Structures are given as C-alpha cells and as structure tokens.
Amino acid sequence: MARRPTSASSARSSRSSSARQAGGRYRGDNIRSVSVSEVRSASRYKARNGSSRRVAGVLVAFVVLLGVLGIGGFALSNSGAFAVEQVTVSGADHLSGDALTELAAVPEGSTLLNVDANGIATRLTSNPWVKSASVDRVFPDTLNLSITERSISAVVAVTVDSSNTVERWALSSDGMWLTKIPDDRNSAEGRALPDSVYDDAANALEITDIPYGSTPEAGSYCNNANVENALGVIDGMTTELAGQVKSVAAASSDSTTLTLQNGIEIAFGDSNDIRDKERVCLQLMKEHEGKISYINVRVVNKPVWRSV
C-alpha cells in the first residue's frame, strides 16, 4: 500500500513543477532579494549618466559654435566690410579737425572691426592740448575722435635767455606747458595758432617776472618754483579777492605779488597762511576804500599798507 506524501513534500513538489512549467529551469541559488534602496540607487545612477551625457553634448556644441564664430569673426574683420570711409572730430577747440585727423593717422584700409582704437587714442594724447581721447565706431563707416582738451589757466612771461628775451607761454591747469604765444598775432607763428588760443589767453591769469633759468617746452610739466608758488597762492584763495586778481609777479619762490583789477598791489609772499592774508587784505581795503594803493602781508600779523 503506497504512502501518501506529506504536506511539506507535496508543497515542494508543487513549487518545482510550477518552476519547470514557467521557465523550464529552477535554481534557487540564483534568486536573491533586492532592497528598495538598491533599486533607487540604480535609478539615480542611470539618471546621472543620462544627465552627464546631455551636459557633455551641450558643451561640445557650445565649443563648436565658438569655433565657428571665431573663424567667422576673424574672416569678417580681415575683409573689407565696414571700411572706414570718414573720420569725424568732437570736443576740439584749439586743434583743427585736419590736424587731429593727421595726428590720429588711421591706417589706409582700416575697418571698424580691425582698427587699432587704443593706438589712435595714444597718438592723440601725445599732443599737449589733448587731455584725453576716445575713439568711437559709428557703423557702418565712420570713426569719431572724441577729444577732451586742456584749457589755459595762465599765461606766463618767461625770460628764456641771458639777454632777457621774454616769451609768453600758455600753461594749463594741471601745470603742462601748452604752446608759446607770439606777441604779434599777425606773424607767421601767430597766424598758425587758432583764434581761440589768443581769445582764451586774453582772459587768463598773467604771471610775469619769471627770471632766466626756466625753459618751457610744449608737452612738458612746469617745474619752476616761482610759478608753482604763484599758482599755489591763486588756487588756495577762497574769498572774493581771488576774482579781483589781474596779474601775478613771481620774481622769486616766496615773494609773489598780486595786482588787482583796481590797481592795488599786494605783496603776498609765499603760499602759507593764505586765508589769514586774504582776511587782512579785505579788511584794510574796506577800512581805506579808495585810499589804498599797496598792501604787504608777507608777515601776516604785521601788515603794511600805503595810501594813494
């Protein structure tokens, strides 16, 4: 009499049969459980790989685009496109447009794309009148030279040789010698200067009596102690007295003498105690209005004055 299989052996037989029916094979050793975290990690790995490949593709495309643009830009800048047909000037008063165009020396065949703007600006600022310059491209064919000029702050009468030859020189506010101003406006040298130079010089401060020993040169900075003290006095004045000064005599570095528009002479001395000296001068002029011709404030606490 055959024995009936137990429930356990019957279950094993049933699983084995099901496995054979499903796949034809059954190997329990190859089956393992997989955690949820491992499944998520695998998903992130695939996502990162996909994202990295997309980023790499974009970068490659960007590099290729830059290369194409670079090659195209190089070719365009070396072609005849946007050739410079005209040069215009703005901001110039003491230099003519022709003079500035010649100074700029824009090379023949330049285009707005390959023109050396920095080189042109450097050549322009080599002229003492040009304080700063910029070169602006105006498409399709124009180059504009934008100029900021120096202005005449003073006209200095300088003794230039041992025979007491005097030359008048325009001096800018930053202390640069600008140009010699011939006494004869109708001379060849005088006619070579624009009218604006003589017009500005007529309204500028005059500094006289500079002894022999200083040699002005256009484009160089003034290093004469007499002139520096005179300018220091004028620049340091803060009252209405400054607007009344007509001329300054600077025979030495510590004996600057001011001549006012009303004819009063003021021995001002050096550029120390400027405010105190101004105060004393204004007080004396007020107390002796119309009756004073000379004031000495070189020693400010011991002023001396003389009546008309």
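This report covers the fold, one surface patch and some backbone features of a predicted model.

Residues are numbered from 1 along each chain as its sequence is written. Local features need pLDDT of at least 70, side-chain atom pairs count only at pLDDT 80 or more, totals for chains, interfaces and linings use all residues, and side-chain values use heavy atoms, with hydrogens and water left out.

**Overall**

The chain has eight helices and twelve strands. These are DSSP runs, numbered from the N terminus: helices are H or I with at least four residues, strands are E with at least two. Of the 308 residues, 32% count as buried. Buried means under 20% relative accessible area, exposed means over 50%, and partly exposed lies in between (1.4 Å probe, protein chains only).

**The sheet**

Nine strands form an open sheet with mixed pairing. Their order is β6-β5-β4-β7-β8-β9-β10-β11-β12. Two strands pair if DSSP finds at least two bridges between them. The edges are β6 (177-180) and β12 (304-307), each paired on one side only.

Strands β7 (residues 205-210) and β8 (residues 245-249) run parallel and are joined by three bridges. Ile207 stands opposite Val248 in β8. Thr208 stands opposite Ala249 in β8. Four of the five residues of β8 are buried, so β8 is largely enclosed by the rest of the structure.

**Phe139 and its patch**

Phe139 is found in the loop between β2 (130-138) and β3 (142-149). Phe139 is partly exposed, at 46% relative accessible area. With Phe82 and Leu113, Phe139 forms a nonpolar surface patch of about 270 Å² accessible area together. Accessible areas come from the Shrake-Rupley method with a 1.4 Å probe; for residues, only the protein chains shown count as cover. Patch residues have over 30% relative accessible area and no salt bridge; nonpolar side chains (Val, Leu, Ile, Met, Phe, Trp, Tyr) are joined within 5 Å, like charges within 9 Å. A salt bridge is a side-chain nitrogen of Lys or Arg within 4 Å of a carboxyl oxygen of Asp or Glu.

A cis peptide bond joins Phe139 and Pro140, with omega about 15 degrees. Pro140 also sits in the loop between β2 and β3.

**Positive phi**

Most residues other than glycine have a negative phi, and most peptide bonds are trans. Two residues with a positive phi are listed here.

| Residue | Phi | Place | Relative accessibility |
|---|---|---|---|
| Asn164 | near 65 degrees | loop between β4 (152-159) and β5 (166-172) | 57%, exposed |
| Asp209 | near 65 degrees | strand β7 | 47%, partly exposed |
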